[in-house]
Amino acid sequence: MAYGVTPDGFVRPRLPEIRQEIVADLRARMQAAGFGGTVETRPDSVMGLLIDTFAEREAALWEQAEGVYYAMYPGSATGVSLDRAVSFTGVSRYRDEASRAYVVLYGSAGTTVPAGAQIRHRVSQNLWAVSGATQILPGAAADITLQPAVAPNTEYRVTIDGASYVYATGPTTNLPQVLAALVAMLSPSGLDVSSDGAAVRLQTDGRVPAAFSWSASLALVRLGSPALAQTLQASTEGAAVGDLDGIVSQVDGWSAVANLQAGVAGRLAENGAELRARYPTGLFRLGAATLPSIAPNVRDRVAGVRTVKVFMNNGDIADQLGRPPHSVHVVADGGLDDEVANAIFRVVAAGIDTYGQQLVVVQDDEGAEHAIRFDRPERVYVWVRCVTTLLPPSEQAFPPGGFKEIADNVAAAGEAFTIGEDVILQRLYGAIFRTAGLASVDLRLAFSTSPTFVPQPSDYAAANISIQDFQVAVFDLSRIEVI
């Protein structure tokens with residue numbers, strides 16, 4: 001029989017086969033040399049011990065050769081060999097990545113918050129840190145509150161990025177009138193303008209700063225500048241709006257912190273099974289400016305992206321959803337806006353328009369600016385109620401942490417649903433029955449697009465959940481009940 005690399009793959013001889021071949025070869029050589037006696041090859045004989053020693057060493061060499069052969073292929077390679085095998089299609093293992101969020105640092109004008117200054121997540125109490133030194137300045141602010149001094153015949157002037165907005169009172173006036181006029185005057189600026197009855201507040205999205213200045217008739221009440229914060233270690237923790245609100249590192253002049261937009265969850269290092277499952281996407285990632293290549297490129301280039309779906313309109317007129325002719329529509333769940341837009345810009349063909357409600361201006365290598373649009377999926381929050389019936393312990397034991405194991409498996413299965421993919425009940429059943437000791441399960445789901453929705457018993461149904469093209473199902477352990 002042929003061993004080694006054959007047309008049928010790698011064939012490795014086993015230890016008994018190697019021993020038999022050594023014995024046969026030894027006898028043949030001794031007979032050829034003129035030895036006519038009996039060659040004793042029992043394992044407890046001197047010759048047998050020598051034969052077994054060399055046979056075991058040869059078997060180890062064959063195992064090593066087989067390992068080298070299979071290390072070339074993603075389906076059988078492990079560890080560093082797997083990383084190198086998948087690299088031929090441009091795929092690399094996802095490494096540990098921290099969660100990130102844009103925060104607004106509030107304090108006195110001119111205060112510098114150093115890189116590494118720590119803040120606390122109000123729900124998990126985990127520590128986050130400011131990525132780079134940030135100076136709180138009116139010329140680079142994301143949130144500012146101004147209080148008018150009410151007086152007749154007074155001019156109130158606010159300048160935002162060089163554009164001036166002016167309001168002047170008449171002979172008689174009062175605070176509500178001035179505030180209402182200021183809100184109306186500043187609304188066309190494109191910022192979020194509001195009033196609490198005492199002052200006017202102007203906010204960007206909490207990510208992009210704007211340059212502010214104002215007349216002496218307006219007093220500064222609160223000033224905040226944007227900064228990027230991230231977890232101290234790799235994490236899959238997210239941050240809802242307002243979650244990052246605790247100062248840990250005391251800095252003179254720094255009084256408060258908040259995130260005006262949701263943070264982006266990081267990810268833990270990819271294991272071998274996950275990397276093998278993602279390996280085929282590398283074939284598409286090597287492409288450029290083609291529909292199948294856009295999603296893998298955006299997902300691999302941007303940390304925190306959970307799933308991506310890409311649509312296009314290759315016609316000469318706008319389609320029924322309003323996509324312009326010859327445009328690409330990317331829907332990305334996760335990732336910072338700037339990084340998603342930059343990834344789209346790098347892979348979309350020149351001259352092709354982008355579509356979506358999110359607008360980010362990206363600079364190319366020559367400094368020219370390009371408007372990139374994309375969308376975020378609407379989240380469909382899913383509540384799970386799982387009532388279990390257990391087998392008798394004598395038939396199959398239910399593990400001590402079985403209920404938590406079921407909840408974890410359901411959450412993991414839910415995370416696998418992508419944009420526009422319906423929630424299939426049977427997939428969740430498959431995740432549940434990975435836990436031993438279950439006789440039957442009554443599984444019911446409720447859902448809503450509002451995270452504050454409180455489902456009633458009548459809202460739960462044993463049915464699939466239909467997800468639209470621009471929606472994504474969201475599972476969380478806090479909404480999974482197992483009894």
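Mentor: Before we begin, a residue counts as buried when its relative accessible area is under 20%, as exposed when it is over 50%, and as partly exposed in between. Please also keep in mind that this is a predicted model.

Trainee: Is Tyr73 buried, exposed or partly exposed?
Mentor: The class follows from the relative accessible area, and values between the limits of 20% and 50% belong to the middle class. For Tyr73 the relative accessible area is 37%, so this residue is partly exposed.

Trainee: What is the angle between the planes of Tyr69 and Tyr73?
Mentor: A pair of aromatic rings is described by the distance of the centres and the angle of the planes. For Tyr69 and Tyr73 the centres lie 5.5 Å apart, and the pair is edge-to-face, a class that requires planes over 60 degrees apart. Tyr69 itself counts as buried, at 16% relative accessibility. The angle between the two planes is 65 degrees.

Trainee: Which residues do ring pairs link into a cluster?
Mentor: The structure has 10 aromatic pairs in its count, and Tyr69 with Tyr73 form an aromatic pair. Ring pairs join both of these into a cluster, whose members are Tyr3, Phe10, Trp62, Tyr69, Tyr70 and Tyr73.

Trainee: Which helix gives the most to the largest nonpolar core?
Mentor: The largest nonpolar core holds 38 residues, and those with the most contacts inside it are Leu105, Ile160, Leu186 and Leu202. Apart from it lies another core, of 27 residues, which includes Val410 and Phe475. To the largest core, six residues come from the helix that gives the most, and that is α4.

Trainee: Which strands stand at the edges of the open sheet that has the order β10-β9-β13?
Mentor: The three strands of this open sheet pair in the antiparallel sense. Each edge strand has a single partner strand, so one side of it is left without a neighbour in the sheet. The edge strands are β10 and β13.

Trainee: What angle does the direction of α4 make with that of β10?
Mentor: Within the sheet, neighbouring strands are turned by 15 degrees against each other on average, with direction ignored. Helix α4 packs on this sheet and touches both β9 and β10. With the direction of β10, the direction of α4 makes an angle of about 155 degrees.

Trainee: Which residue is the bridge partner of Thr159 in β13?
Mentor: Strand β9 covers residues 155-160, and three bridges join it to β13, with the two strands running antiparallel. The partner of Thr159 in β13 is Ser213.

Trainee: What is the phi of Asp161, which is not a glycine?
Mentor: Most residues other than glycine have a negative phi. Asp161 is found in the loop between β9 and β10, and it is exposed, with a relative accessible area of 54%. Its phi is positive, at about 50 degrees.

Trainee: Where does His326 lie?
Mentor: His326 also has a positive phi, of about 55 degrees, although it is not a glycine. At 38% relative accessibility His326 counts as partly exposed. Its place is the loop between β17 and β18.

Trainee: How far does the backbone oxygen of Ala140 lie from a polar atom of the side chain of Ser225?
Mentor: Ser225 belongs to strand β14 and is buried, with a relative accessible area of 1%. Among the residues that Ser225 touches are Leu105, Ile136 and Ala140. From the backbone oxygen of Ala140 to a polar atom of the Ser225 side chain, the separation is 2.7 Å.

Trainee: How many of the 11 residues of helix α7 are buried?
Mentor: The buried residues of α7 include Ser293, Pro296 and Asp300, and the count is high enough that the helix is largely enclosed by the rest of the structure. By contrast, Thr290, in the loop between α6 and α7, counts as partly exposed at 37% relative accessibility. For helix α7, the number of buried residues is eight.

Trainee: Which residue stands opposite Cys386 in β25?
Mentor: Strand β22 is joined by 10 bridges to β23 in the antiparallel sense, and there Cys386 stands opposite Leu443. With β25, strand β22 pairs in the parallel sense over three bridges. In β25, the residue opposite Cys386 is Val482.

Note on methods. Residues numbered from 1 in each chain as written. Predicted model: local features only at pLDDT ≥ 70, side-chain atom pairs only at ≥ 80, totals over all residues. Heavy atoms only, no water. Core = buried A, V, L, I, M, F, W, Y, C linked by side-chain atoms within 4.5 Å. Buried < 20%, exposed > 50% of the residue type's maximum accessible area, 1.4 Å probe, protein only. Helix = DSSP H or I, 4+ residues; strand = E, 2+ residues; numbered from the N terminus. Pairing = 2+ DSSP bridges. Axes fitted to C-alpha atoms, helices over the stretch in contact; angles between N-to-C directions. Contact = heavy atoms within 4.5 Å. Polar contact = N/O pair within 3.5 Å; in protein donor to acceptor, adjacent residues only side chain to side chain. Phe/Tyr/Trp six-rings, centres within 6.5 Å; stacked < 30°, edge-to-face > 60°. Lists of a residue's contacts leave out its neighbours within four places in sequence.
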